[in-house]
Amino acid sequence: MVTLNMKNSLVAVILANILAGTMPGMMVKAQCDNRCAANECCSTFGYCGTGPEFCGANCVGGPCSNNGISIADIVTPEFFNGLWNQGATCPGKNFYSRGAFLDALNSFTRFARTGSVEESRREIAAFFAHASHETEGFCHIEETDGANKDYCNETMTQYPCAPGKGYYGRGPLQLSWNYNYGPAGSDLQFDGLGAPETVAHDPLIAFKAALWFWTKYVAAAMSQGFGATIRAINPIECNGAERDKVQSRIDYFTRYCNQLNVAPGVSLTC
């Protein structure tokens, strides 16, 4: 899950997008706020324009790309049930469900539905690869020993930590830190700061939180290859000191790509 360093990187990306608006060929205008032209899309950074940078994975409004595939036909019961870790004790088996995942998709209508069908299958494989790694085969609902770790960044004053609440990893992508729980709760209509445990108690919110994080911070990296999505989720793993974790994510990804009959593409590692 994103650390403070990653948050700073995201700020840099936003600034870069703003500055890019002065370059020829970039159809960038002011903040969207319903001011885009009819043929323009609104990117996740709040700017109007055309092309994949605006109408693809980053799109939040306007004529966003949607290839019309049925994710339910790709994430079949057989595929979903095959995600489970086969260990004897696996609390996630009584929590995560295909139905909750498909219901959560209703709030994220462009997840894995831009570009080619192959790209959609690859994104689905990537999402479940990271979720499988983060939860150890969908076994964990909450981060192991997370309650003993401090995930409160007090400098993020717009997302104040509530007394006695822990913002450790929960859900398929292990949502963590107050600066993620705050905006996720606001966007998904649950009390992210006051009741972060909701992500571990409600399977629908758990999948929505994972899809929220994915579409906001990870999906755009898919065009650069799976390795870029690893860096987007946890850049610390990409510094060479945690190669086993990187390989775990890659192994899940290539396995799921094989099951979904799609090539994993290039740049698998970060």
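So, helix 6, residues 117–135, and helix 11, residues 243–259: each of these supplies at least two residues to the lining of the second largest pocket. Please keep in mind that we are looking at a predicted model. Of the two helices, helix 11 is the one to remember here, since the largest share of that lining, four residues, comes from it.

How much space lies in the second largest pocket? About 590 Å³. Around that space sit 24 lining residues, and those nearest the centre are Glu134, Glu143, Gln174, Asn234 and Lys245. If you sort the whole lining by class, you get ten polar residues, nine charged and five nonpolar.

Let me stay with one of those central residues, Glu134. You will find Glu134 in helix 6, and, as I just said, Glu134 is among the residues that lie nearest the centre of the second largest pocket. The UniProt record, an unreviewed entry, has an "active site" annotation covering Glu134. Is Glu134 buried or exposed? Its relative accessible area is 16%, and buried means under 20%, so Glu134 counts as buried.

Now let's turn to the enclosed space. How many cavities of 30 Å³ or more does the count give? The answer is one. The largest cavity holds about 30 Å³ of space. Twelve residues line the largest cavity, with Arg170, Leu173, Leu175, Ala209 and Ala210 lying nearest its centre. Here helix 9, residues 203–218, gives the largest share of the lining, four residues. By class, the lining of this cavity has nine nonpolar residues, two polar and one charged. For anyone who likes to put the two linings side by side, the second largest pocket had five nonpolar, ten polar and nine charged.

Last stop, the sheet. Three strands make an open sheet, running in the order 2-1-3, with antiparallel pairing. Why is one side of strand 2 and of strand 3 left without a neighbour in the sheet? Strand 2, residues 48–49, and strand 3, residues 59–61, stand at the edges, and each has a single partner strand, so one side of each is left without a neighbour. As a general reminder, strands of a sheet pair through backbone hydrogen bonds, in either a parallel or an antiparallel way.

If you want to find one of these pairings on the screen, go to strand 1, residues 41–43, which pairs with strand 3 in the antiparallel sense over two bridges. Which residue in strand 3 is the bridge partner of Cys42? That would be Gly61.

Key. Residues numbered from 1 in each chain as written. Predicted model: local features only at pLDDT ≥ 70, side-chain atom pairs only at ≥ 80, totals over all residues. Heavy atoms only, no water. 1 Å grid on protein atoms, 1.4 Å probe; cavity = no way out; pocket = protein on both sides within 12 Å on 5 of 7 lines; lining within 4 Å. Points joined across faces, edges and corners; volume = space filled by probe spheres on them. Nonpolar A, V, L, I, M, F, W, Y, C, P; charged D, E, K, R; others polar. Pairing = 2+ DSSP bridges. UniProt positions renumbered as here; feature names shortened; annotations may be inferred. Buried < 20%, exposed > 50% of the residue type's maximum accessible area, 1.4 Å probe, protein only.
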